[in-house]
Amino acid sequence: MNCKFCAGEMAIEDEKCPHCGQENPYYEAHRIDMENFERKFKNTEAMVVEKTNKYTRKTLIITTISVLFALILLCIFVLNDIDEITYTMARNSNLKNADEIAKVLSTYEESGEYILFADYYDAKPVKYGRNALEEYYSVYDMCSRYRNIVEKVMDLTSVKFSESNLSTYASGINSALEGMYSVRYKEIENEVLSKRFTDEHVATMDDILDRTYHLLIAYCGLKESDIEGLKDLTSSKRTSIIEDRLVEVLGNEE
C-alpha cells in the first residue's frame, strides 16, 4: 500500500511511513484486528489442550454418546416448536436489554472495532430483537463479511495453497465483497430500511470497505488500479482478478 502523505510504499503493519514518518491511519485498527484473532486462537487452543488432558478416550466416548442421546431426546420434544421458542426467548431478552445492547454496539462501531461488533452481535443474537435494534442489522452485515475476509487473510499467511485452493479462496473473498456492495449500494435505496443507513452508519460502511481494500492490497496482491473498478465488475471477473493476484503473490514467495 502507498502512504497518503508521500505516496511511498509501506506495509499495513507499519505504524509510521518508513519514508516520511507520518502515522499510518490503518495501523491501529489492523493491530487490534490481528490481536483479537490471535487471542481467540490461543483461547481455543488452550481449551482443546485442557479437555484433551482431562478426559480419557473411554470417558470421551461415553460423554459423547450421552450428549448425543440427550440432544436426540431434546430434538424429539421441541423440533416442531424450536423456531418459535428460539425467536421468543431471544427476542424477549434483546428487547428487555435493547438499550444496553445498542450502547455496546455503538461503542464498537464508533471505535472501529468491527470484528468485536460482529462477535457481540452473534452472541446475543440481536436479529431477534429487530423492533428495538433493527438499525444495526446492515452494519452487522458489513462487519460480518469484513470478519470473513480477515479470517481468509489470516489463513493465507499460515497455510500453503495450491492453485486449486486459490480458486475457492478467491471465490470466497468475492462472495464477501458482493455482500458488502449489496448492503452499501443497493439496500441503501430501500426507503423502508432508511433507519439502517444514517450518516454515521454509512460512514462506518465506507470505512469497512476501505479497510477491506487495504487488506486485499497488502495481503492478496491487488493493485490500486484493481480496486478502483472492483465494484463494477461482474462476479466472475472480480473473482478472476483476485485469483490472478493471489497466484502472483504466492509465486513471489516461493
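**Aromatic pairs and the nonpolar core**

Let me begin with Tyr-146, which counts as buried at 3% relative accessibility, and please keep in mind throughout that what we have on the screen is a predicted model. Leaving aside residues up to four places away in sequence, Tyr-146 touches Asp-33, Tyr-114, Ile-115, Met-180, Ile-208, Arg-211, Thr-212 and Leu-215.

I would like to stay with one of those contacts, Tyr-114, which is also buried, with a relative accessible area of 3%. The count of aromatic pairs comes to 6. In one of them, the ring centres of Tyr-114 and Tyr-146 are 6.3 Å apart and the planes stand at 90°, so this pair is edge-to-face, the cut-off for that class being over 60 degrees. Tyr-114 belongs to helix H5, residues 114-123, whereas Tyr-146 belongs to helix H7, residues 137-156, so the pair ties together parts that are 32 residues apart in sequence.

A second pair is formed by Phe-117 and Tyr-136, with ring centres 6.3 Å apart and planes at 50°, so here the pair is described as tilted. This pair, too, links distant parts of the chain, since Phe-117 sits in helix H5 and Tyr-136 in the loop between helix H6 (130-133) and H7, 19 residues apart. Phe-117 is buried at a relative accessible area of 0%, and Tyr-136 is buried as well, at 7%. Together with Tyr-121 and Tyr-140, these two residues form one aromatic cluster.

Now, what does the largest nonpolar core look like in terms of its best-connected members? There are 56 residues in this core, and those that touch the most other members are Phe-117, Tyr-146, Leu-177, Met-180, Leu-216, Leu-230 and Leu-246. The elements that give two or more residues to the core are helices H1 (27-54), H4 (98-111), H5, H7, H8 (163-186), H9 and H11 (235-253), and the largest share, 10 residues, comes from H9. At least three residues are drawn from each of domain 1 (22-80) and domain 2 (97-253).

Two further details deserve a moment. Gly-221 is found in the loop between helix H9 (199-220) and helix H10 (224-228), and, not counting residues up to four places away in sequence, Gly-221 touches Leu-216, Arg-245 and Val-249. Gly-221 and Leu-246 are 25 residues apart in sequence, yet their C-alpha atoms are 6.2 Å apart in space. Finally, the charged end of Lys-231 sits over the ring of Tyr-185, 4.7 Å from the centre of that ring.

Methods:
Residues are numbered from 1 along each chain as its sequence is written. This is a predicted model: local features need pLDDT of at least 70, side-chain atom pairs count only at pLDDT 80 or more; totals for chains, interfaces and linings use all residues. Side-chain values use heavy atoms; hydrogens and water are left out. Helices (H or I, at least four residues) and strands (E, at least two) are DSSP runs, numbered from the N terminus. Contact means heavy atoms within 4.5 Å. Rings of Phe, Tyr and Trp (its six-membered ring) pair if their centres lie within 6.5 Å; planes under 30 degrees apart count as stacked, over 60 as edge-to-face and the rest as tilted. Buried means under 20% relative accessible area, exposed over 50%, partly exposed in between (1.4 Å probe, protein chains only). A charge sits over a ring if NZ of Lys or CZ of Arg is within 6 Å of the ring centre and within 35 degrees of the ring normal. A nonpolar core is a set of buried Ala, Val, Leu, Ile, Met, Phe, Trp, Tyr and Cys residues joined through side-chain atoms within 4.5 Å. Domain bounds come from an automatic or database domain assignment.
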